[in-house]
Amino acid sequence: MPPHDHDHDHAHDHGHTHPDLTRNQTLVMTTLVEAGGPLSAYSILDRLRGEGMRAPLQVYRALDKLVDFGLVHRLESLNAFVACRNPDCEAHETVAFAICERCGAVTEISDDGLAERLRDIAGAAGFALTKSTVELRGLCRTCGTA
Ligand SMILES: [Zn+2]
Ligand SMILES: [Zn+2]
């Protein structure tokens, strides 16, 4: 692990505030928290133009770091990013999201059993799992009963 990193210092800091965030990282983080749902890198950029962010690369760099810190998750199937809602999932080794196909609501689900199971399945295939994001698609409670 590179010596510059802050992970170890604040590993127990679960308030999802990271004292060592750069200005750009803080802007991106705040945008995601305020959005309350997933945003693409480009809509983040759009919201931050007034703050002096111009290049997609600035946003991508900030997002990369925030994902590393475990403050933000990447949702591949939506090509979007979402602020972590779960103060307990510090490792973020395995995280699951339920994505409603009707209203777009995204719920973060954390389940130790799931993490363990995936590690076992991967292990049985001779594969060492380091990280996984499970994206579940379907209908949320509201849409399912409508
Ligand atoms: Zn999380
Ligand atoms: Zn829904």
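**Notebook: helix packing and a loop residue**

I looked first at helix H1 (residues 23-35) and H3, which pack at an angle of about 80° with their axes 9 Å apart (axes are lines fitted to C-alpha atoms, for helices over the stretch in contact, and angles run from 0 to 180 degrees between N-to-C directions). That angle makes H1 roughly perpendicular to H3, a term that covers 65 to 115 degrees. This is a predicted model, in which local features need pLDDT of at least 70 and side-chain atom pairs count only at pLDDT 80 or more, while totals for chains, interfaces and linings use all residues. Residues are numbered from 1 along each chain as its sequence is written, and chains are lettered from A and ligands numbered from 1 in the order in which they are written.

For the contact itself I noted that Asn-24, Gln-25, Val-28 and Met-29 of H1 meet Gln-58, Val-59, Ala-62, Leu-63, Lys-65 and Leu-66 of H3 (contact: C-beta atoms, placed from the backbone, within 7 Å).

I then turned to Ala-55, which I found in the loop between helix H2 (41-48) and helix H3 (56-69); helices here are DSSP runs of H or I, at least four residues, numbered from the N terminus. Ala-55 counts as exposed because it has 9 C-beta neighbours inside 10 Å (exposed: 12 or fewer other C-beta atoms within 10 Å; buried: 20 or more; partly exposed in between). The C-alpha atom of Ala-55 is 7.7 Å from that of Leu-45, 10 residues apart along the chain.

Last, I checked H4, which is hardly covered, with one buried residue among its 13, and which is followed by Gly-126, whose phi is positive, near 75°.

Conventions: Helix = DSSP H or I, 4+ residues; strand = E, 2+ residues; numbered from the N terminus. Parallel < 35°, antiparallel > 145°, perpendicular 65-115°, else oblique. Contact = placed C-beta atoms within 7 Å.
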